[in-house]
Amino acid sequence: MKRLFALLILFIAVSTLSAQDFQCNVSINSSKISGSNRERYNSLQQEVYNFINERKWCQYNLKTNERIECGIMINLTEVSGDVLKGTMTVQLQRPVFKSNYKTTVLNFQDNKIQFTYEEGQPLEYSDGVNLNQFTSLIAYYLNLFLALDFDTFSMNGGAPYLDKCQSIVSLNQSSAEQGWQSFESGQNNRYWIGENLTNGTYSKLHEFLYNYHRLGLDVMVDNPDQGRAAIFESLKTLQQVYKQKSNLVMVRYLVSAKSDEIINIFKEGLANEKTQVVNIMKQLDPSNSSKYDAITASTK
């Protein structure tokens, strides 16, 4: 009987482990809140870590080496009872085939997070229901991570997870918290991220994600010239989206995540290739245009 019980516990442990989809680093910084209860926020950090890393989020059974590598860093700036406000930095990485290199797919800061947290209350979430503002916020970004990651491996592979993002946005349209509505000042919010990625007008965003990563980075170990050429073509695709609508939020986020990598890749490019890439990047990222001169400053 004891052996049977032990085997049952082992089965549950293995099943829980195999259900994990994310390898997510979680950090909660409360240093800006004077006199804050550090234990409270340490507890919240652990709860968020468990909430993300011990749940099943993906429809596929991912192997250990296939888990989505990401980071969520919450910087708390205000607290009023159980209501917390601050910013959240979200990061998504993806391994590159046949290498130890990991490419950044997304890295930006959400400046409008607000949620209620009662210490000791479990973090609960269910698809299609807005049980809690905080878990809806976390679930939105986890589904965004899944969508973008799957897009880099197969064309439009992330569509089911974008649908989940849009469902979460819809459920929060009457929410008092910021970041969910279209009419808020600027377009740097969750509503417009989802809109950009599901609007058929900007479908080439998905082409960029697939071509840049699967046809570009993933072949560079075996054939650097072929990989770089595919990345060059993907940048022209992103430029087409920019020409449809400049200052699109997802173009800005993708360029921000990729800019340094693009510079390093095309430092080794052909002269004509370099000149064209510099022109494209200066158009996509005019506020940082001078940094791309480093591409042509390097000779091959």
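This note goes through two helix pairs, two buried glutamates and two residues with positive phi in a predicted model.

1. Basis. The model is predicted: local features need pLDDT of at least 70, side-chain atom pairs count only at pLDDT 80 or more, and totals for chains, interfaces and linings use all residues. Residues are numbered from 1 along each chain as its sequence is written, and side-chain values use heavy atoms, with hydrogens and water left out. Helices (H or I, at least four residues) and strands (E, at least two) are DSSP runs, numbered from the N terminus.

2. Helices α7 and α8. Helix α7 spans residues 224-244 and helix α8 residues 249-266; their axes come within 12 Å and cross at roughly 150°. The pair is therefore roughly antiparallel. Axes here are lines fitted to C-alpha atoms, for helices over the stretch in contact, and angles run from 0 to 180 degrees between N-to-C directions. Angles under 35 degrees count as roughly parallel, over 145 as roughly antiparallel, 65 to 115 as roughly perpendicular and the rest as oblique. The α7/α8 crossing is left-handed. Left-handed means that the near helix is turned anticlockwise from the far one by less than a right angle; clockwise gives right-handed.

3. The α7/α8 contact. From α7 come Arg 228, Ile 231, Phe 232, Leu 235, Leu 238 and Val 241; from α8 come Val 251, Leu 254, Val 255, Ile 262, Ile 265 and Phe 266. Contact means heavy atoms within 4.5 Å. By class there are 11 nonpolar residues, no polar ones and one charged. Ala, Val, Leu, Ile, Met, Phe, Trp, Tyr, Cys and Pro count as nonpolar, Asp, Glu, Lys and Arg as charged, and the others, Gly among them, as polar.

4. Glu 273. Glu 273 sits in helix α9 (residues 271-284). Its relative accessible area is 10%, so Glu 273 is buried. The cut-offs are under 20% for buried, over 50% for exposed and partly exposed in between (1.4 Å probe, protein chains only). Its side chain makes a polar contact of 3.0 Å with the side chain of Arg 228. A polar contact is a pair of N or O atoms within 3.5 Å; within protein, one must be able to donate a hydrogen and the other to accept it, and residues adjacent in sequence count only if both atoms are side-chain atoms. Not counting residues up to four places away in sequence, Glu 273 touches Arg 228, Ala 229, Phe 232 and Phe 266.

5. Helices α3 and α6. Helix α3 (residues 133-153) packs on helix α6 (residues 204-216) at about 60°, with the axes 6 Å apart. That makes the pair oblique. Their crossing is right-handed. Leu 148, Asp 151, Thr 152 and Phe 153 of α3 meet His 206, Leu 209, Tyr 210, His 213 and Arg 214 of α6. The classes are four nonpolar, three polar and two charged.

6. Glu 261. Glu 261 belongs to helix α8. Its relative accessibility is 9%, so Glu 261 counts as buried. Its side chain joins that of Tyr 212 in a polar contact of 2.5 Å. Leaving aside neighbours within four places in sequence, Glu 261 is in contact with Tyr 101, Thr 103, Tyr 212 and Leu 217.

7. Positive phi. Most residues other than glycine have a negative phi. Lys 98 has a positive phi of about 60°. Lys 98 lies in the loop between β3 (83-95) and β4 (102-116), and is exposed at 52% relative accessibility. Asn 156 also has a positive phi of about 60°. Asn 156 is in the loop between α3 and α4 (159-171), and is partly exposed at 41%.
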